[in-house]
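Colleague: Hey, I'm new to this one. Could you pull it up and walk me through it?
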Amino acid sequence: MPKIKISSKSFFVKLIITDLTVQLVCVLGFSAAISICAYFADIKMELVYNTAYLILAAAAFLSALFVAARVKSHGLLVGIFCQIPLMLYVCISYFAQPQNAVHLLIKLAVLIVFGAVGGAVGINKKKKYKVK
């Protein structure tokens with residue numbers, strides 16, 4: 001398997017900053033949007049807890065999409081490696097407030113699957129769109 005070619009250390013740092021920024025904005029933004037909707041619509045808390053899967057899936061997909069579009073090779077691998085900060089966040093939050101271990105495994109699986117899909121889509125995404 002050929003190696004992933006990263007031109008310089010500054011490019012690698014930019015990828016990490018892009019990844020962390022997109023993940024932070026997605027998690028905070030989607031969490032705020034869902035909490036506001038739950039507040040005004042008076043949704044039960046059991047349903048709100050399950051939206052964590054949706055938030056993690058969106059954050060994983062979008063961060064992998066942006067990073068893989070810059071790397072331009074090995075989309076699945078890049079997409080999965082982009083999820084390391086979110087995986088650490090999920091594990092730390094699990095150990096801070098222990099829940100069922102099945103939920104932890106499902107969240108990690110969601111991160112891996114949506115990260116890989118986002119990486120594959122990011123590589124195959126066209127930069128220019130022609131409008132007639």
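Colleague: Which residues of α6 are buried?

Modeller: Leu104, Lys107, Leu108, Val110, Leu111, Gly115, Ala116, Gly118, Gly119 and Gly122. Buried means under 20% relative accessible area, exposed is over 50%, and partly exposed is in between, with a 1.4 Å probe and protein chains only. Keep in mind that this is a predicted model: local features need pLDDT of at least 70, side-chain atom pairs count only at pLDDT 80 or more, and totals for chains, interfaces and linings use all residues. Residues are numbered from 1 along each chain as its sequence is written, and side-chain values use heavy atoms, with hydrogens and water left out.

Colleague: Okay, and what covers the buried residues of α6?

Modeller: The cover includes α3, α4 (75-81) and α5. That rests on contacts, meaning heavy atoms within 4.5 Å.

Colleague: How do α5 and α6 pack?

Modeller: Their axes are 10 Å apart and the angle is about 170 degrees. The axes are lines fitted to C-alpha atoms, for helices over the stretch in contact, and angles run from 0 to 180 degrees between N-to-C directions. The two helices are therefore roughly antiparallel, as angles over 145 degrees count that way (under 35 is roughly parallel, 65 to 115 roughly perpendicular, the rest oblique). On the α5 side, Leu86, Met87, Val90, Cys91 and Tyr94 make the contact, and α6 brings Ala101, Leu104, Lys107, Leu108, Leu111 and Ile112.

Colleague: What kinds of residues are in that contact of α5 with α6?

Modeller: There are 10 nonpolar, no polar and one charged. Nonpolar here is Ala, Val, Leu, Ile, Met, Phe, Trp, Tyr, Cys and Pro; charged is Asp, Glu, Lys and Arg; the others, Gly among them, are polar.

Colleague: Let's zoom out. How many helices and strands are there?

Modeller: Six helices and zero strands. Both are DSSP runs numbered from the N terminus: helices are H or I with at least four residues, strands E with at least two. Of the 132 residues in the protein, 32% are buried.

Colleague: What about α1, how far does that helix reach?

Modeller: α1 covers residues 9-41, 33 of them, and spans 47 Å from its first C-alpha to its last, close to the expected 48 Å. The expected span is 1.5 Å times one less than the number of residues. Buried residues in α1 include Leu15, Thr18, Val22 and Gln23, and their cover includes α2 (45-49), α3 (51-71) and α5 (84-96).

Colleague: Gln23 caught my eye. What does its side chain reach?

Modeller: The backbone oxygen of Cys82, at 2.8 Å. The Gln23 side chain also has a polar contact of 3.4 Å with the side chain of Ser63. A polar contact is a pair of N or O atoms within 3.5 Å; within protein, one must be able to donate a hydrogen and the other to accept it, and residues adjacent in sequence count only if both atoms are side-chain atoms. Gln23 has a relative accessible area of 4%, so it counts as buried.

Colleague: Switching to loops, what is phi of Asp42?

Modeller: Near 55 degrees, a positive value in a residue other than glycine. Most residues other than glycine have a negative phi. Asp42 sits in the loop between α1 and α2 and is exposed at 68% relative accessibility.

Colleague: And where is His74?

Modeller: In the loop between α3 and α4. Phi of His74 is also positive, near 55 degrees, but His74 is partly exposed, at 23%.
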